[in-house]
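The following tutorial dialogue concerns how to read features from a set of atomic coordinates. A learner puts the questions, and a teacher replies.

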Amino acid sequence: MAEPLKNHFGPAIPRNIAAMITAVHPRFRADTFLKEALQGYQTLALLPRGWHIARTLRRYLPADYPQAVEILIASLGPKLAQTDSLGMAPFLYLPHVLLIAEHGLGHFEPSMRAQYELTQRFTAEFSIRPFLAHHPAPTLARLKLWTGDPSAHVRRLVSEGTRSRLPWAPRLRAFQEDPRPVLALLESLKDDPALYVRRSVANNLNDIGKDHPDLLAATARRWMNNASEERRWLVRHGLRSAVKRGETAALDILGFSGTARATIDSVAITPRRARIGDRLAIAFDLTNTGPRRQALLVDFRIHFVKANGKSSAKVFKLKTVELAPRATVRLSKNVSLREMTTRKHYSGRHQVDVVLNGQVQPLGSFELMKT
């Protein structure tokens, strides 16, 4: 079982925040702040811990919001020097962005200044969303300006903060209904020099496609015209959920149009009677039965049994292959059946399918038992 994220956000977090603020604001009552911040702290999950610190911190900073924000900004540590392998250390600033989200809506400019600084040390994707909901025009105008910022962290905020279905955050319903303002921002970022930013753009596209598949397909097709390999990767990544759903337009854009002319043989699903915690091995032969070379997008899905006895299919990416006529390839994949924070396992018969160019074929099944 993976270690709970809250364990990386322990009592040292409010202590560090108190020390940082005291260094720039000596009148800060660090001892009483910490006593209140740590009361009941151990019982809380990660996000509730962040909110608890944020609300406590607001009570101990000056009542004047712009003054409080300037103290927060002055207390910040150095900007992030990289865009990958950041770990949990930047989560030190989670309470800061939550404070801005809850108390900053009436103070647009100080809040934008704070988010500009915070996103270069953590991310302001959570705090920018209330501003998009309550002050859409000025916030979108500021984000448009930030698409040209020298900092990759600021440019990423533009795409990540406007995701309609951002994990851990309330949905942006207005952009679910009409994503065109978001697409206007993504146009400026689709060829960003940083993969860190382009990956965020792809995730935003993926979100848009869940509500507007035709708009996603039209955008992806247009972006593929004279596209660099970097942009082609972005489009493929942005279409990933559409491909999993077997949407014809998405498959066609990626070159997997038409009915797959292929057979599946020599299927092996082992063990057939598995226990929670085991690893499942799936293998089969794929043969091109058509008269010409074929590009085949091969995925498979497992119908995981849920607590209520019903099942929910999860698609696993497998491989893209090009096969000559009558050529055969052996494909295989291992899947962990251990308990995860994102997936719980339950006893029962689990159906397995193979998905060829979006077309589903039953592959077999296995029985999952408790340990």
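The turns below treat a helix, two sheets, a cavity, a pocket and a single residue of this predicted model.

Q: How should one read the setting of a helix, and is α9 mostly covered or mostly open?
A: An α-helix has 3.6 residues a turn, so residues three or four places apart point the same way. In this model, α9 spans residues 152–161 and is mostly covered, with 10 of its 10 residues buried. Among these buried residues are His153, Arg155, Arg156 and Glu160, together with Val154, Leu157 and Val158.

Q: Which helices do the buried residues of α9 pack against?
A: Their partners are α6 (108–118), α7 (128–134), α8 (136–146), α11 (180–189) and α12 (195–211).

Q: What is found at the start of α9?
A: There, Ser151 places a side-chain oxygen within 3.2 Å of the backbone nitrogen of His153.

Q: How is the order of strands in a sheet to be read, and what is the order in the open sheet of 5 strands?
A: One lists the strands from edge to edge and then notes the pairing. Here the order is β2-β8-β7-β4-β5, and the pairing is mixed. Strands β2 (273–275) and β5 (311–323) each have a single partner strand, so one side of each lacks a neighbour in the sheet. From one strand to the next, the twist averages 30°.

Q: In which sense do β7 and β8 pair, and over how many bridges?
A: Strand β7 (residues 348–356) pairs with β8 (residues 359–369) in the antiparallel sense, over 9 bridges. As one example of register, Val355 has Val360 in β8 as its bridge partner.

Q: What order and pairing does the open sheet of 3 strands have?
A: This sheet runs β1-β3-β6 with antiparallel pairing. Its edge strands are β1 (262–270) and β6, each pairing on one side only. The twist in this sheet averages 20° from one strand to the next. Strand β3 (residues 279–288) is joined to the antiparallel β6 by 9 bridges; within this pairing, Ala281 has Asn334 in β6 as its bridge partner.

Q: How does one describe a cavity, and how many of 30 Å³ or more does a search of the whole structure find?
A: A description gives the count, the volume and the lining. The search finds 1 cavity at that threshold, and the largest cavity has a volume of about 40 Å³. Its lining consists of Val69, Leu72, Ile73, Leu76, His96, Ile100, Ala114 and Leu118. Helices α4 (65–75), α5 (94–103) and α6 each supply at least two of the lining residues, and the largest share, 3 residues, comes from α4.

Q: What is the volume of the largest pocket?
A: The largest pocket has a volume of about 510 Å³. It is lined by 21 residues, of which Phe91, Phe122, Thr123, Glu125 and Arg156 are the closest to its centre. Helices α9 and α12 are the elements that give two or more residues to this lining, and α12 gives the most, with 4 residues.

Q: How is an intermediate accessibility to be read, and why does Tyr346 count as partly exposed?
A: The class lies between buried, under 20%, and exposed, over 50%. Tyr346 has 32% relative accessibility and therefore counts as partly exposed. This residue is found in the loop between β6 (328–336) and β7.

Q: Which residues does Tyr346 touch, not counting those up to four places away in sequence?
A: With that exclusion, Tyr346 touches Ile276, Val305, Lys306, Ala307 and Leu368. As for Asn7, 339 residues apart from Tyr346 along the chain, the C-alpha atoms of the two are separated by 27 Å.

Technical notes. Residues are numbered from 1 along each chain as its sequence is written. This is a predicted model: local features need pLDDT of at least 70, side-chain atom pairs count only at pLDDT 80 or more; totals for chains, interfaces and linings use all residues. Side-chain values use heavy atoms; hydrogens and water are left out. Buried means under 20% relative accessible area, exposed over 50%, partly exposed in between (1.4 Å probe, protein chains only). Contact means heavy atoms within 4.5 Å. A polar contact is a pair of N or O atoms within 3.5 Å; within protein, one must be able to donate a hydrogen and the other to accept it, and residues adjacent in sequence count only if both atoms are side-chain atoms. Two strands pair if DSSP finds at least two bridges between them. Axes are lines fitted to C-alpha atoms, for helices over the stretch in contact, and angles run from 0 to 180 degrees between N-to-C directions. On a 1 Å grid over the protein atoms alone, a cavity is a set of points where a 1.4 Å probe fits but cannot get out, and a pocket is an open set with protein on both sides within 12 Å along at least five of seven lines; lining residues have an atom within 4 Å of a point. Grid points are joined across faces, edges and corners, and a volume is the space filled by probe spheres set on the points.
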